[in-house]
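Got the model open in your viewer? Let's walk through it stop by stop, selecting as we go.

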Amino acid sequence: MALRKPLFTKAQLRDLADEGSWGRGVQYFKDKRVTTLLEDRGVVVAKVMGTQSYRVKLHVDEKDLVGERTCPLGDGGVFCKHCVAAGLAYLDDNKESRMEDGYIVPSRPSRKARRRTVDLEDVRAYLAKKESSDLVEIVMEQVHVDDALRRRLLTETALQSTSEFSADAFRLAIREATASGGFLDYDDAPDFAHGLDGVIQALEDVIDKNHAAEAIPLTEYALERVETALAQADDSDGAIGVAVGRLEELHHKACAIAKPDPVALARRIFDWQLDGHWNTFSGAAENYADVLGKKGLSVYRELAQTEWAKASPPGTERYSLTQADVRWRRLKQIMESLAKASGDVESLVAVNIRDIRSSYDYLRIAMMYRDAGRSDEAMGGRRRG
């Protein structure tokens with residue numbers, strides 16, 4: 001097997017990282033913190049050990065190097081030290097020189113030995129030559145030890161086992177796919193999330209095949225089950241949270257097509273926002289305005305205002321996790337969402353006036369006025385802050 005040209009260069013890698021990320025990434029590479037490194041069809045997949053294990057993907061999109069990662073900086077678009085370390089490890093695996101930038105790179109097999117190394121393309125070619133019965137046996141052996149794969153295959157089998165749409169079959173499949181079996185630790189959570197892909201894809205197919213009305217309760221059932229699992233999971237890399245977001249998008253899509261009763265939907269979403277296990281349907285007043293319409297939004301607003309009038313602000317501890325404080329924060333988010341949807345800055349300010357706990361809260365109010373183009377009120381808020 002001949003060596004292939006690397007997907008990207010060190011210069012591309014260096015251009016994407018700031019000084020801090022580059023320096024720390026180089027050190028991570030030298031410390032051999034890249035514990036897994038694979039290349040498959042133009043995508044480099046790595047696992048990098050930091051304060052915990054992080055997954056990194058590197059690929060080239062229209063000549064630009066793109067990094068995807070599960071560390072906290074991932075959402076901010078920063079090309080972090082984990083991406084740098086993974087990229088350097090990949091380049092090191094594809095070069096001959098043993099000295100670079102004044103330091104000795106980790107030892108690796110010779111070029112002759114590397115030509116004999118089997119990679120994922122070889123595995124793909126090997127599998128393509130196997131009989132289907134042999135492939136079934138390979139998969140079934142893995143099913144016995146891989147929970148995520150087992151959940152996915154059970155789900156897909158259940159969904160394909162009937163010639164006609166069956167909501168009961170879907171519910172059973174969803175139940176199986178979302179059975180966490182107790183606490184999910186950091187290593188198990190991504191596999192659990194990966195096992196949800198089959199359910200999410202199947203629900204999307206149901207919506208696209210003119211069963212949007214049936215998909216609404218099924219999607220809500222899936223959301224309820226995933227929320228329960230999320231409450232007992234270390235989802236530090238956010239994989240399960242991403243699945244919740246995808247299910248929310250499918251729910252909105254199904255509602256937009258099926259146009260369910262807006263009053264019943266408004267009540268259901270409001271109750272879920274206020275008392276659910278997770279922050280599901282956050283910003284519903286804005287996100288579901290097209291589905292709820294005037295009638296649904298009116299009911300939603302009335303429910304929120306009734307609860308807001310009865311609610312009492314929590315104590316001075318901003319990040320308290322008591323049920324009452326969590327409920328207050330959710331209710332405040334609902335009221336803020338309603339104010340933003342109406343475009344009324346005074347309503348938005350009035351909501352936040354009830355939750356003043358520090359001088360910074362006055363500054364937040366000043367910024368609300370500033371964003372609304374009302375500089376005099378903004379300056380007043382800054383002075384109070």
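Start with the charged pairs: a search of the whole structure turns up ten salt bridges, where a salt bridge is a side-chain nitrogen of Lys or Arg within 4 Å of a carboxyl oxygen of Asp or Glu. You're looking at a predicted model, so local features need pLDDT of at least 70 and side-chain atom pairs count only at pLDDT 80 or more, while totals for chains, interfaces and linings use all residues. Residues are numbered from 1 along each chain as its sequence is written, and side-chain values use heavy atoms, with hydrogens and water left out.

**Stop 1: salt bridges**

Select Arg246 and Asp197, whose closest N and O atoms are 3.0 Å apart in a salt bridge. Arg246 lies in helix H12 and Asp197 in helix H10 (residues 197-208), so this pair ties together parts that are 49 residues apart in sequence. Helices here are DSSP runs of H or I with at least four residues, strands are runs of E with at least two, and the numbering goes from the N terminus. Arg246 is partly exposed at 34% relative accessible area, and Asp197 is partly exposed as well, at 22%. (Buried means under 20% relative accessible area, exposed over 50%, partly exposed in between, with a 1.4 Å probe and protein chains only.)

Next, pick Arg268 and Glu220, another salt bridge with its closest N and O atoms 3.0 Å apart. This one links distant parts of the chain, with Arg268 in helix H13 and Glu220 in helix H11, 48 residues apart. Which partner is buried? Glu220 is, at 11% relative accessibility, whereas Arg268 is partly exposed at 32%.

Now go to helix H15, where Lys310 and Glu307 sit three residues apart, about one turn of the helix. Their side chains meet in a salt bridge, 3.5 Å from N to O. Lys310 is exposed at 58%, but Glu307 is buried at 18%. Add Asp275 and Arg327 to your selection: with Glu307 and Lys310 they're linked in a network of salt bridges.

**Stop 2: helix H13**

Select residues 262-275 to see H13, which has 14 residues and reaches 20 Å from its first C-alpha to its last, close to the 20 Å expected at 1.5 Å a residue (the expected span is 1.5 Å times one less than the number of residues). Its buried residues include Val263, Ile269, Phe270 and Trp272. Show the surroundings too: helices H11, H12, H14, H15 and H16 are among what covers them.

**Stop 3: the strands**

Select residues 34-40 (S1) and S2: these strands run antiparallel, joined by six bridges. Strands count as paired if DSSP finds at least two bridges between them. Leu38 stands opposite Val45 in S2. In the hairpin of S1 and S2, with two residues between the strands, look for Arg41, which takes a positive phi near 50 degrees.

Add S3 (residues 53-61), joined to S2 (residues 43-49) by seven bridges, again antiparallel. Here Val48 stands opposite Tyr54, and Lys47 has Arg55 as its bridge partner. Colour S2 by face: Val44, Ala46 and Val48 are on the covered one, with Val43, Val45, Lys47 and Met49 on the uncovered one.

Finish the strands with S4 (residues 64-69), which runs antiparallel to S3 with six bridges between them. The S3 and S4 hairpin has two residues between its strands, and Glu62 in the turn has a positive phi of about 50 degrees.

Definitions and conventions: Contact = heavy atoms within 4.5 Å.
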